[in-house]
Amino acid sequence: MEDGAILTFRTADVPPRFRQRVAQWIAEDPQRGQAEWRNDERAPLTWSVDGLHRLPTTLAKEIVERATGTRPSHAGPWWWDTDDGTNLGALASEVSGRDWSDLHGLLEGLQPGEWTTYGDLAEIIDSVAIAVGAHIKACDHCPSAHRVLNAERRHSRGFQWTNPDDKRKPAEVLAGEGVPFTEDGRADESRRLAVSVLRERL
């Protein structure tokens, strides 16, 4: 999407027990339900209320929390629509039949002690970071998901293991595989696979 595209929060997808309160909160100030797109994988949405930049999931959760006092667990891209009615989550997931086998092949090749980013993977397979992240989150058979970090060298806040009963912290698992972390929780850059290496593996 082009910078400046306006996205609207989908109250219809809010859990029923919160929906009315969220809709009423937004109705009091319609800007609360709007954000502006910018092509920055670290924080692509600029909230109309305060001008600050956030991830789609972060902003969606904040809107619900401000309206209800409860922070939901949900993949935020699915709660945003473009001005032509296209859902950001559907757009990101490229649901029009994209073959993700190239991504799966790259993930299978990630070894203990290595990590990469959603953006680097997207560059190799000709996609976008948000689409790669949305697919990995929804995928039941994507290996090495804990070895894929965001642009800040951290795990996505929405990270979850394929097995919902798995309560391990992904950073601790990655550290156990030999990836050092800084004091503020960022993966050591020296263990990041270069895009050229990823491209050779593909």
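1. D126 sits in the loop that links α5 to α6, and in this predicted model D126 has a positive phi of about 60° although it is not a glycine. Most residues other than glycine have a negative phi. The residue counts as exposed because the relative accessibility of D126 is 69%, where the cut-off for that term is over 50%.

2. A comparable backbone value is found at R153, a residue other than glycine whose phi is positive and near 65°. R153 is placed in the loop between β7 (148–149) and α7 (170–176). Both loop residues may be worth a look when the backbone is inspected, D126 for its phi of about 60° and R153 for its phi near 65°.

3. The two helices on either side of D126, α5 and α6, also take part in the largest nonpolar core, which has 24 residues and in which L103, L107, L121, V132 and I136 touch the most other members. The elements that contribute two or more residues to this core are α4 (101–109), α5 (118–125), α6 (129–138) and α8 (195–201), and α5 gives the most, with 5 residues. In soluble globular proteins, nonpolar side chains tend to be buried together.

4. What is L121 in contact with, once its neighbours within four places in sequence are left aside? The partners of L121 are L103, L106, L107, T116, V132, V148 and L198. A second core, separate from this one, has 19 residues, and F9, V14, W25 and I26 are included in it.

5. The strands β4, β3, β2, β1 and β5 form, in that order, an open sheet of 5 strands with antiparallel pairing. Its edges are β4 (53–54) and β5 (80–82), each of which pairs on one side only. Within the sheet, β1 (residues 6–9) is joined to β2 over 3 bridges in the antiparallel sense, and T8 stands opposite Q34 of β2. On its other pairing, β1 runs antiparallel to β5, again over 3 bridges, with W80 of β5 as the bridge partner of F9.

6. The pairing of β2 with β3 (residues 45–47) is likewise antiparallel and has 3 bridges. Here A35 stands opposite W47 of β3, while E36 has T46 of β3 as its bridge partner.

7. Which side chains of β2 (residues 34–37) are buried, and which are not? A35 and W37 point to one face and are buried, whereas Q34 and E36 point to the other face and are not. In a regular strand the side chains alternate between the two faces of the sheet. A similar division can be described for β1, where L7 and F9 make up the covered face and I6 and T8 the uncovered one. F9, on that covered face, is also among the residues of the second core.

8. W79 lies in the loop between α2 (56–68) and β5. Is W79 buried or exposed? With a relative accessibility of 1%, W79 counts as buried, since that term applies under 20%. The C-alpha atom of W79 is separated by 7.8 Å from that of V14, although the two residues are 65 apart along the chain, and V14 is itself one of the residues in the second core.

Terms used
Residues numbered from 1 in each chain as written. Predicted model: local features only at pLDDT ≥ 70, side-chain atom pairs only at ≥ 80, totals over all residues. Heavy atoms only, no water. Buried < 20%, exposed > 50% of the residue type's maximum accessible area, 1.4 Å probe, protein only. Helix = DSSP H or I, 4+ residues; strand = E, 2+ residues; numbered from the N terminus. Pairing = 2+ DSSP bridges. Core = buried A, V, L, I, M, F, W, Y, C linked by side-chain atoms within 4.5 Å. Contact = heavy atoms within 4.5 Å.
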